[in-house]
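Words such as buried, exposed and core are easy to use and harder to justify. Below, a student asks how such words are earned, and each reply sets a value against its cut-off.

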Amino acid sequence: MLTAVFSLTGALVFGAADFLGGLAAKRMSAMLVTAIAALAGLVVLVAAYPVLGGAWSAHDVTWGVISGISGAIGISLLYACLAIGPMSILSPLTAVVSAIVPMIWGLLVSGERFGSLGY
């Protein structure tokens, strides 16, 4: 049950962030909206770090930088598209693509396989 609550909460947060980011990108540039969102996330991360802690390694930092850059590019493009296109079409399309890409990566690159429930 807790997994379902976390999943629904995550979906609500991501959906609200995409919607509000798209609205904001209609009023100002998508790059500025992305920068503001990243800064807000950094503030939360810095505030949570002393409580959660963790260990750093060069490998982790490298993957963090790669994911941060690709995530910023992706979110900037999403906000730019939401600013010029209809949200009712773009939002479900990006949700499906963001679910399919990791699935294809896992199946084709990582060699993972579906269980019977997955099919």
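The questions and answers that follow concern this predicted model.

Q: What makes up the overall fold of the protein chain, in helices and strands?
A: The protein chain has four helices and zero strands, and from the N terminus on its elements run α-α-α-α. Along its principal axes, the C-alpha trace spans about 45 × 40 × 30 Å. Of the 119 residues, 12% count as buried, and the accessible surface comes to about 9100 Å², of which 79% belongs to carbon and sulfur atoms.

Q: Why is Ser 76 called buried or exposed?
A: The word buried is kept for residues under 20% relative accessible area. Ser 76, which is found in helix α3, has a relative accessibility of 10%, and therefore it counts as buried. Leaving aside its neighbours within four places in sequence, Ser 76 is in contact with Ala 30, Met 31 and Thr 34.

Q: How do you know whether Thr 34 is buried or exposed?
A: The reasoning is the one used before, with a cut-off of under 20%: Thr 34 has a relative accessible area of 9%, so it is buried. Thr 34 lies in helix α2, and, when neighbours within four places in sequence are left aside, Thr 34 is in contact with Ala 72, Ile 75, Ser 76 and Tyr 79.

Q: Why is Trp 105 called exposed or buried?
A: A residue must be over 50% relative accessible area to be called exposed. Trp 105 has 55%, so it counts as exposed. Trp 105 lies in helix α4, and it is one of the residues of a nonpolar patch on the surface, a patch that also includes Ile 104, Leu 108 and Phe 114 and has about 960 Å² of accessible area together.

Q: How do you know whether Met 1 is exposed or buried?
A: Met 1 is found in the segment before α1. Its relative accessible area is 82%, and because the cut-off for exposed is over 50%, Met 1 is exposed. Met 1 and Ala 37 are 36 residues apart in sequence and 30 Å apart in space, C-alpha to C-alpha.

Q: What makes a set of residues the largest nonpolar core here, and which residues belong to it?
A: Such a core joins buried nonpolar residues through side-chain atoms within 4.5 Å. The largest one has eight residues, namely Ala 25, Ala 30, Val 33, Leu 78, Tyr 79, Leu 82, Met 87 and Leu 90. Helices α2 (30-52), α3 (58-84) and α4 (87-109) each supply at least two residues of this core, and α3 gives the most, with three residues. As for Ala 30, apart from neighbours within four places in sequence, it is in contact with Ala 25, Ser 76, Tyr 79 and Ala 80.

Q: How do you know whether the span of α4 agrees with what its 23 residues should give?
A: At 1.5 Å a residue, the 23 residues of α4 should span 33 Å, and its end C-alpha atoms are 32 Å apart, so the two values agree. Within α4, Met 87, Leu 90 and Gly 106 are buried, and the buried residues of this helix pack against α1 (2-27) and α3. Just after α4, Gly 111 takes a positive phi of about 80°.

How values were computed:
Residues are numbered from 1 along each chain as its sequence is written. This is a predicted model: local features need pLDDT of at least 70, side-chain atom pairs count only at pLDDT 80 or more; totals for chains, interfaces and linings use all residues. Side-chain values use heavy atoms; hydrogens and water are left out. Buried means under 20% relative accessible area, exposed over 50%, partly exposed in between (1.4 Å probe, protein chains only). Contact means heavy atoms within 4.5 Å. Patches are made of residues with over 30% relative accessible area and no salt bridge: like charges are joined within 9 Å, nonpolar side chains (Val, Leu, Ile, Met, Phe, Trp, Tyr) within 5 Å. Accessible areas come from the Shrake-Rupley method with a 1.4 Å probe; for residues, only the protein chains shown count as cover. A salt bridge is a side-chain nitrogen of Lys or Arg within 4 Å of a carboxyl oxygen of Asp or Glu. The expected span of a helix is 1.5 Å times one less than its number of residues.
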